[in-house]
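Good morning, and thank you for joining this session. I would like to take you through one structure, beginning with the overall chain and then turning to individual residues.

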Amino acid sequence: MNGYECEVTRAEMDVIAERAYQRTKWPDENDNSYGEDQLIFTAINLIMPLNNVSVGRHRLTFHEAIKANNPERRQQLVIAAALIIAELDRLDRIEDALLS
């Protein structure tokens, strides 16, 4: 632990719950199959929608499906935060594999 003691907020719990849901639906191997920053670009597009924009080699259109199923702004942000955690998890798995 990091030594901090504070109450967990509703937003934090919602992000953790969303990430847990994502992991039950899409296992780690699925996240590992994404190229560098694909999960981040999807999160960015949920945070700041960019319609049919390409960033490098990534096309930002997947967000439309997420938005259609989650029209509430707060839920879009919760999903985006969970996707950022998914990318951090993916990077940690890569680092762990390199160190072992």
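At 41% relative accessibility, Tyr-21 counts as partly exposed. I begin with this residue because Tyr-21 belongs to an aromatic pair, to which I shall return. Please keep in mind throughout that this is a predicted model.

Let me first describe the chain as a whole. It contains five helices and two strands. Read from the N terminus, the order of the elements is α-α-α-β-β-α-α. Of the 100 residues in the chain, 27% are buried. The accessible surface amounts to about 7,100 Å², and carbon and sulfur atoms account for 58% of that area. As for the contacts with a separation of 6 or more, 61% of them are between residues 24 or more positions apart.

One example of two residues distant in sequence is Ala-17 with Ile-79. They are separated by 62 residues in sequence, while their C-alpha atoms are 9.9 Å apart in space. Ala-17 sits in helix H1, which covers residues 10–25, and is partly exposed at a relative accessible area of 45%.

I now return to the aromatic rings. The structure holds one aromatic pair. Tyr-21 and Trp-26 form this pair in an edge-to-face arrangement, with 6.4 Å from centre to centre and 85 degrees between the planes. The angle is over 60 degrees, and therefore the pair counts as edge-to-face. Trp-26, like its partner, is partly exposed, with a relative accessibility of 37%.

The next topic is charge. How many salt bridges does the structure hold? There are seven salt bridges, and I shall discuss some of them.

I take Asp-31 and Arg-19 to start with. Their side chains meet in a salt bridge of 3.1 Å, N to O. Asp-31 lies in helix H2 and Arg-19 in helix H1, so this pair ties together parts of the chain that are 12 residues apart in sequence. Are these two residues buried or exposed? Asp-31 has a relative accessible area of 5% and is buried; Arg-19, at 6%, is buried as well. The surroundings of Asp-31 can also be listed. Helix H2 spans residues 28–32, and, leaving aside neighbours within four places in sequence, Asp-31 is in contact with Arg-19, Leu-39, Ala-86, Arg-90 and Arg-93.

Arg-90, one of those contacts, takes part in a salt bridge with Glu-87, at 2.9 Å, N to O. Both residues of this bridge lie in helix H5, three residues apart, which is about one turn of the helix. Glu-87 is buried with a relative accessible area of 3%, and Arg-90 is buried with 5%.

The bridge between Asp-28 and Arg-23 has a distance of 3.0 Å, N to O. Here the two partners fall into separate classes of accessibility. Asp-28, at 19%, is under the 20% limit and therefore counts as buried, whereas Arg-23, at 42%, counts as partly exposed. In addition, Arg-10, Asp-14 and Arg-74 are linked in a network of salt bridges.

Two residues further along the chain deserve a brief comment on local geometry. Asp-37 is found in the loop between H2 and H3. Its phi is near 75 degrees, a positive value in a residue other than glycine. Asp-37 is partly exposed, with a relative accessible area of 29%. Thr-42 has its place in helix H3, residues 38–47. The side chain of Thr-42 reaches the backbone oxygen of Gln-38 at a distance of 3.1 Å. Thr-42 is buried, its relative accessible area being 13%.

Finally, I turn to the surface. Ile-47, Met-48, Leu-77, Ile-84, Leu-88, Leu-91, Ile-94 and Leu-98 form a nonpolar patch there, and together they have about 730 Å² of accessible area. Which helix gives the most to the nonpolar patch? Helix H5, residues 73–99, gives the most, with six residues. Ile-47, by contrast, lies in helix H3. With a relative accessible area of 36%, Ile-47 is partly exposed; this value is over 30%, so the residue meets the accessibility cut-off for a patch.

To close, I would recall two points. The buried residues Asp-31 and Arg-19 form a salt bridge, and helix H5 gives the most to the nonpolar patch on the surface. Thank you; I am glad to take your questions.

Key. Residues numbered from 1 in each chain as written. Predicted model: local features only at pLDDT ≥ 70, side-chain atom pairs only at ≥ 80, totals over all residues. Heavy atoms only, no water. Helix = DSSP H or I, 4+ residues; strand = E, 2+ residues; numbered from the N terminus. Buried < 20%, exposed > 50% of the residue type's maximum accessible area, 1.4 Å probe, protein only. Polar contact = N/O pair within 3.5 Å; in protein donor to acceptor, adjacent residues only side chain to side chain. Phe/Tyr/Trp six-rings, centres within 6.5 Å; stacked < 30°, edge-to-face > 60°. Patch = residues over 30% accessible without salt bridge, like charges linked within 9 Å, V, L, I, M, F, W, Y side chains within 5 Å. Areas by Shrake-Rupley, 256 points an atom, 1.4 Å probe, with all protein chains shown as cover. Salt bridge = Lys/Arg side-chain N within 4 Å of Asp/Glu carboxyl O. Contact = heavy atoms within 4.5 Å.
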